[in-house]
Amino acid sequence: MALFSGKCSRCGRVYYEDHKAVVVCGCWELCPLCGAKMEAYTPDLAANTYAKDGKHELLILRVCNNAAEHFDKSPFFSYQKPVEVELS
Ligand SMILES: [Zn+2]
Ligand SMILES: [Zn+2]
């Protein structure tokens with residue numbers, strides 16, 4: 001049986017399959033500060049933080065609201081896109 005493998009360029013997790021495939025690694029959904037699964041970002045939720053750092057809100061993809069778990073005690077906004085891992 002041929003084994004195909006690929007490594008996520010972001011978190012380094014290695015995936016194996018017995019066929020060629022493209023896997024979307026789940027790491028992009030995890031908060032880098034507390035490890036929780038982040039929620040899909042909706043502009044309404046973060047309207048009050050919109051201009052905080054001057055970044056464009058359209059780039060925000062996920063948000064973690066576990067503010068108490070974060071070192072700066074504020075929600076974390078993620079710009080990370082899904083990471084596709086190509087198994088070859
Ligand atoms: Zn990953
Ligand atoms: Zn978090």
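What follows is a chat about reading strands, turns and burial in a predicted model.

Colleague: Before we start, how are residues and chains labelled, and what does the model being predicted change?

Modeller: Residues are numbered from 1 along each chain as its sequence is written, while chains are lettered from A and ligands numbered from 1 in the order in which they are written. This is a predicted model, where local features need pLDDT of at least 70 and side-chain atom pairs count only at pLDDT 80 or more, though totals for chains, interfaces and linings use all residues.

Colleague: Okay, how many helices and strands does the protein chain have?

Modeller: Helices (H or I, at least four residues) and strands (E, at least two) are DSSP runs, numbered from the N terminus. Here you get zero helices and seven strands, so the pattern along the sequence reads β-β-β-β-β-β-β.

Colleague: And how do I read strand pairing?

Modeller: Strands of a sheet pair through backbone hydrogen bonds, either parallel or antiparallel. Two strands count as paired if DSSP finds at least two bridges between them. Take β1 (residues 4-7) and β2 (residues 14-17): they run antiparallel, joined by four bridges. Phe4 has Glu17 in β2 as its bridge partner, and Lys7 stands opposite Val14.

Colleague: What do β1 and β2 form, and which turn residue has a positive phi?

Modeller: They form a hairpin with six residues between the strands, and Gly12 in the turn has a positive phi of about 85°. Most residues other than glycine have a negative phi, and most peptide bonds are trans. Now look at Lys73, in the loop between β5 and β6: its phi is near 55°, a positive value in a residue other than glycine.

Colleague: Which strands form the open sheet, and in what order?

Modeller: The order is β4-β5-β6, with antiparallel pairing. The edge strands are β4 (39-40) and β6 (76-78), each pairing on one side only. β4 pairs with β5 (residues 62-64) over two bridges, and Glu39 stands opposite Val63 in β5.

Colleague: Next, burial. Is Ser74 buried or exposed?

Modeller: A residue is buried if 20 or more other C-beta atoms lie within 10 Å of its own, exposed if 12 or fewer, and partly exposed in between, with C-beta atoms placed from the backbone. Ser74 is exposed because it has 12 other C-beta atoms within 10 Å. Lys73 has 8 within that distance, so Lys73 is exposed too. Thr42, in the loop between β4 and β5, counts as exposed because it has 10 C-beta neighbours inside 10 Å. Across the protein chain, buried residues make up 10% of the 88 residues.

Colleague: Which residues are in the largest nonpolar core?

Modeller: A nonpolar core is a set of buried Ala, Val, Leu, Ile, Met, Phe, Trp, Tyr and Cys residues joined through C-beta atoms within 7 Å. The largest one has six residues: Cys31, Met38, Tyr41, Cys64, Phe76 and Phe77.

Colleague: What does Met38 touch, beyond its sequence neighbours?

Modeller: Two residues are in contact if their C-beta atoms, placed from the backbone, lie within 7 Å. Leaving aside neighbours within four places in sequence, Met38 has contacts including Leu30, Cys31, Val63, Cys64 and Ser78.

Colleague: How far apart are Thr42 and Val63?

Modeller: They are 21 residues apart in sequence and 8.5 Å apart in space, C-alpha to C-alpha.
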